[in-house]
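Hi everyone, thanks for making time this morning. I'd like to walk you through one model, and I'll keep it short. Have a look at the screen and we'll start from there.

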Amino acid sequence: DFESALFSLVDLSLVTTAGQDDIVFEIEPAALALVDPARFLNDPELSVVVELWLSHVVALAYSVGFCPDDLDRLLILDNVVTRRNLEFALAWCVGHDRFADAIAISRESRYYYYVRGLWSSTPDMSMIRANVARQIGDFSEELGALVYRSNIAAKQHNPSVVAELRDRINE
């Protein structure tokens with residue numbers, strides 16, 4: 001079964017576990033180099049697993065959310081593997097027309113990137129959110145993302161980006 005297969009991967013040091021009650025499985029970076037996650041995620045026979053993975057990532061993003069009164073929640077994404085998984089899921093959602101999930105992941109993880117100072121990281125969560133919102137015609141969501149990104153650009157003293165964003169807002 002699926003669970004014993006996961007524990008077999010743990011035994012082979014390809015996957016690690018964390019947690020006592022709710023065990024979290026994380027693929028080791030060396031093992032990730034051997035796997036093509038895009039091929040795995042596009043296999044129709046694994047669609048149930050993909051849906052479980054995606055719902056886990058969306059829930060993870062919501063568990064971080066906007067948390068100025070509980071900064072310990074940011075620790076969730078301090079784990080590099082977890083953060084890469086979230087970023088991969090975001091890119092996968094955009095590439096597979098899962099726009100609501102893409103918006104949720106980018107919106108609910110933006111505070112993490114803001115506080116941790118990862119403003120110039122790839123991917124740019126705010127612009128992904130804005131672009132996806134534009135694709136589905138959600139002006140309110142697009143405006144919120146553009147204003148948020150403008151705020152960061154202004155704090156970075158980057159007037160050219162602020163001007164570009166202002167022009168897009170005025171379109």
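Before I point at anything, one cut-off: a residue is called buried when its relative accessible area is under 20%, and exposed when that value is over 50%. Please also keep in mind that what you see is a predicted model.

With that cut-off, let's begin at Leu77, in helix H5, which spans residues 75–78. Is Leu77 buried or exposed? Its relative accessible area is 0%, so Leu77 is buried. And which residues does Leu77 touch, once we set aside those up to four places away in sequence? The list is Leu60, Val64, Thr82, Arg83, Leu86, Ser109 and Tyr112. Take Leu60 from that list: Leu60 and Leu77 are 17 residues apart along the chain, and their C-alpha atoms are separated by 8.8 Å.

Now step back to Leu74, which sits in the loop between H4 and H5. Leu74 also has a relative accessible area of 0%, so this loop residue is buried. Leaving out neighbours within four places in sequence, Leu74 is in contact with Val64, Cys67, Tyr111, Tyr112, Val115 and Arg116. For a sense of distance, the C-alpha atoms of Leu74 and Tyr113 are 9.2 Å from each other, with the two positions 39 residues apart along the chain.

Next, the helix pairs. As a reminder, two packed helices are described by the angle between their axes and the distance between the axes.

The first pair I'd like to show is H4, residues 47–64, with H6. Their axes come within 10 Å and cross at roughly 115°, and the crossing is left-handed. Who makes the contact? On the H4 side we find Val50, Trp53, Leu54, Val57, Leu60 and Ala61, and on the H6 side Thr82, Asn85, Leu86, Phe88, Ala89, Trp92 and Cys93. Sorted by class, that contact has 11 nonpolar residues, two polar ones and no charged ones.

H6, residues 80–95, also packs with H8, residues 125–135. Here the angle is about 20° and the axes are 11 Å apart. An angle under 35 degrees counts as roughly parallel, and that is therefore how H6 and H8 run relative to each other. This crossing, of H6 and H8, is left-handed. From H6 the contact uses Leu86, Glu87, Leu90 and Val94, and from H8 it uses Met125, Ile128 and Val132. In terms of class, there are six nonpolar residues, no polar ones and one charged one.

A quick word on cysteines. Cys67 has 2% relative accessibility and so counts as buried, and Cys93, at 0%, is buried. How many disulfides are there, taking sulfur pairs within 2.5 Å? The count comes to zero.

Last stop: two loop residues with backbone angles worth a look. Asp97 lies in the loop between H6 and H7, and its phi is near 55°, a positive value in a residue other than glycine. Asp97 has 55% relative accessibility, so it counts as exposed. His157 is in the loop between H9 and H10; it is not a glycine, yet its phi is positive too, at about 55°. With 70% relative accessibility, His157 counts as exposed.

That's my tour. Thanks for listening, and I'm happy to rotate the view if anyone wants another look.

Conventions:
Residues numbered from 1 in each chain as written. Predicted model: local features only at pLDDT ≥ 70, side-chain atom pairs only at ≥ 80, totals over all residues. Heavy atoms only, no water. Axes fitted to C-alpha atoms, helices over the stretch in contact; angles between N-to-C directions. Helix = DSSP H or I, 4+ residues; strand = E, 2+ residues; numbered from the N terminus. Parallel < 35°, antiparallel > 145°, perpendicular 65-115°, else oblique. Left-handed = near helix turned anticlockwise from the far one by under 90°. Contact = heavy atoms within 4.5 Å. Nonpolar A, V, L, I, M, F, W, Y, C, P; charged D, E, K, R; others polar. Disulfide = S-S within 2.5 Å. Buried < 20%, exposed > 50% of the residue type's maximum accessible area, 1.4 Å probe, protein only.
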